[in-house]
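Please take a moment with the sequence and the 3D view before reading on. The paragraphs below start from a single contact and then widen out to the helices and rings.

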Amino acid sequence: MGFFVQTVGFFVIALLVGVILVRAMARAGQSAAADGTERAMRVYRDQISEIERDLARGIIAENEAERLRLEVSRRILDLDKGDRGRPVGGPAPKTMRMIAFATVIVAVGGSGLLYLSIGAPGYSDMPLVERHAQAAEARLNRPRQAEMEAEFAAAFPEPEDFPGRAELEPMVAQLREALATRPQDETGFSLLAQNEARLGNFRAAIEAQVRVIELKEDAADVEDYAYLLDLMVIATGGFVSPEAENIIEQVLRRDSTNNVALYYSGRMYAQTGRPDMTFRVWRRLHDLSPGDAPWMPEIRAALPELAQISGEPRYQLPPRPAPADARGPSEIDLEAAQDLPPEDRAQMIEDMVGGLSARLANDGGTAEEWAQLVRALSVLEREEQAVAVLQEARTVFAARAEDLALINATAEEVGLSITAP
């Protein structure tokens, strides 16, 4: 109904505008015609006056003057009989009306087709502030964890079968019974969480993982919370509930680069009407992730469209990052290398740096990888090569302030003293 009303309303308004345009152009044509006739009459009157002046001065004879008067009079009669209403130097009134009608048809018809093809009939006007307010309300009022778990369980009541399930189920049952009498067994609850998840008992797995975190207290690390987050979202079929959002916040407070939390954070924004925030979060996640990360196909497919929606039409999807085992030396690798004998340390870093350097030169990479290469070359005391790589990285990321800041911070950290652009 809304589509029909809006479409009819659009064409009624377009028709009214068309009528106004036709009338305006017709009046303009009539005015132009009147102006043209008046100009012609003034010319003819001036010609008659000029003839009389020439006759008085003796420039022309009486018979010549009479002939000229007759010629001008004939033209005036022709104007009255056949050309009245024609603008001098312009098209005839009929032509003007045809042009006006054709212009209106093209304008109204073309705008209607354009609206039907790229417009959104049936939707009311939604300014940006209103859309953000609706997204905030949707986020606040979205279903809770328990509700979505029940809905997902009802949609998929049959547990997934896999080899070894028959043997695993009695073992998990025994573990449950044992933990009922050992409520402080941290390792036991950790095993229970993992195996309940394997059996598809996600509510039981979540409760076991929550118990693990309670037992660890302040010693609970990012991975403990990230695993709980994973279980909670899997239990709802991919929906990020308010309770899961709370775990996301706890994870990101401990590690702002945690991939699991960033991925689910992006999904949460997408589910609550903020694709612009999804673009920001997933763009960062893409730059932080190895090419073989399980979420990479999804976010690489989504980023170009998210960029358009978010007002970033110039965004270009970067080349797919290398797999995790080809990303070059990490901070942990470099720290581990410090404990090796000098020759072994140099050889270890040399091997890692060679592969990373070749890949960045051929395929490019993220700002983090360029920073790793600069740091590794500094560890190898190849200052000249490190400076060259640093300059190249600054050129590559000159238009991306956040990445450039990371490159410059790395240069300052390792003591490379060249002026930043």
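Over the ring of which residue does the charged end of R254 sit? The ring belongs to Y225, and the charged end of R254 lies 4.2 Å from the centre of that ring. This detail, like everything that follows, is read from a predicted model, and the confidence of the prediction is therefore worth keeping in mind; the average pLDDT of the protein is 80, and 74% of the residues score at least 70. Over residues 84-90, however, the pLDDT is below 50, although this stretch has 16 contacts in the model beyond near neighbours in sequence.

Seen as a whole, the protein is built with 18 helices and zero strands. It has 421 residues, of which 34% count as buried, and it exposes about 25,100 Å², with carbon and sulfur atoms supplying 57% of that area. When contacts with a separation of 6 or more are considered, 61% of them join residues 24 or more positions apart.

A good place to go further in is helix α12, which runs over residues 275-288. Its 14 residues reach 20 Å from the first C-alpha to the last, close to the 20 Å expected at 1.5 Å a residue. Ten of these 14 residues are buried, so α12 is largely enclosed by the rest of the structure. The buried residues include M277, F279, V281, W282 and L285, and also the charged D276 and D287. What do the buried residues of α12 pack against? They pack against α4, α11, α13, α16 and α18, which cover residues 128-141, 259-271, 296-309, 367-379 and 401-414 in that order.

Two of these neighbours can be described in a similar way. In helix α11, the 13 residues should span 18 Å at 1.5 Å a residue, and because the end C-alpha atoms are 18 Å apart, the model agrees with that expectation. The buried residues of α11 are N259, A261, L262, Y263, Y264, S265, G266, M268 and Y269, and what covers them includes α4, α9, α10, α12 and α13. Just before this helix, in the loop between α10 and α11, lies N258. With a relative accessibility of 5%, against a limit of 20% for burial, N258 counts as buried. Leaving aside residues up to four places away in sequence, N258 touches V222, E223, A226, V251 and L252.

Helix α16, the other neighbour, also has 13 residues and reaches 18 Å from its first C-alpha to its last, close to the 18 Å expected. It is mostly covered, with ten of its 13 residues buried, among them W370, L373, V374 and L377, together with E369 and R375. After α16 comes E381, whose phi is positive, near 60 degrees.

The aromatic rings offer another way through the structure. A pair of aromatic rings is described by the distance of the centres and the angle of the planes. The count of aromatic pairs comes to five. In one of them, the rings of Y263 and W295 have centres 6.2 Å apart and planes at 25 degrees, so this pair is stacked. It links distant parts of the chain, since Y263 lies in helix α11 and W295 in the loop between α12 and α13, 32 residues apart. Both partners are buried, Y263 with a relative accessible area of 11% and W295 with one of 14%. Another pair, F279 and Y315, is edge-to-face, with 5.1 Å from centre to centre and 85 degrees between the planes. This pair too links distant parts of the chain, with F279 in helix α12 and Y315 in the loop between α13 and α14, 36 residues apart. F279 has a relative accessible area of 2% and is buried, while Y315 counts as buried at 15%. In addition, Y263, Y264, W282 and W295 form one aromatic cluster.

Is E207 buried or partly exposed? E207, in helix α8 over residues 202-216, is partly exposed, because its relative accessible area is 46%. Its C-alpha atom is separated by 7.6 Å from that of A193, which is 14 residues away along the chain.

Notes. Residues numbered from 1 in each chain as written. Predicted model: local features only at pLDDT ≥ 70, side-chain atom pairs only at ≥ 80, totals over all residues. Heavy atoms only, no water. Helix = DSSP H or I, 4+ residues; strand = E, 2+ residues; numbered from the N terminus. Buried < 20%, exposed > 50% of the residue type's maximum accessible area, 1.4 Å probe, protein only. Contact = heavy atoms within 4.5 Å. Areas by Shrake-Rupley, 256 points an atom, 1.4 Å probe, with all protein chains shown as cover. Expected span 1.5 Å × (residues − 1). pLDDT = per-residue confidence, 0-100. Phe/Tyr/Trp six-rings, centres within 6.5 Å; stacked < 30°, edge-to-face > 60°. Lys NZ or Arg CZ within 6 Å of the ring centre and 35° of its normal.
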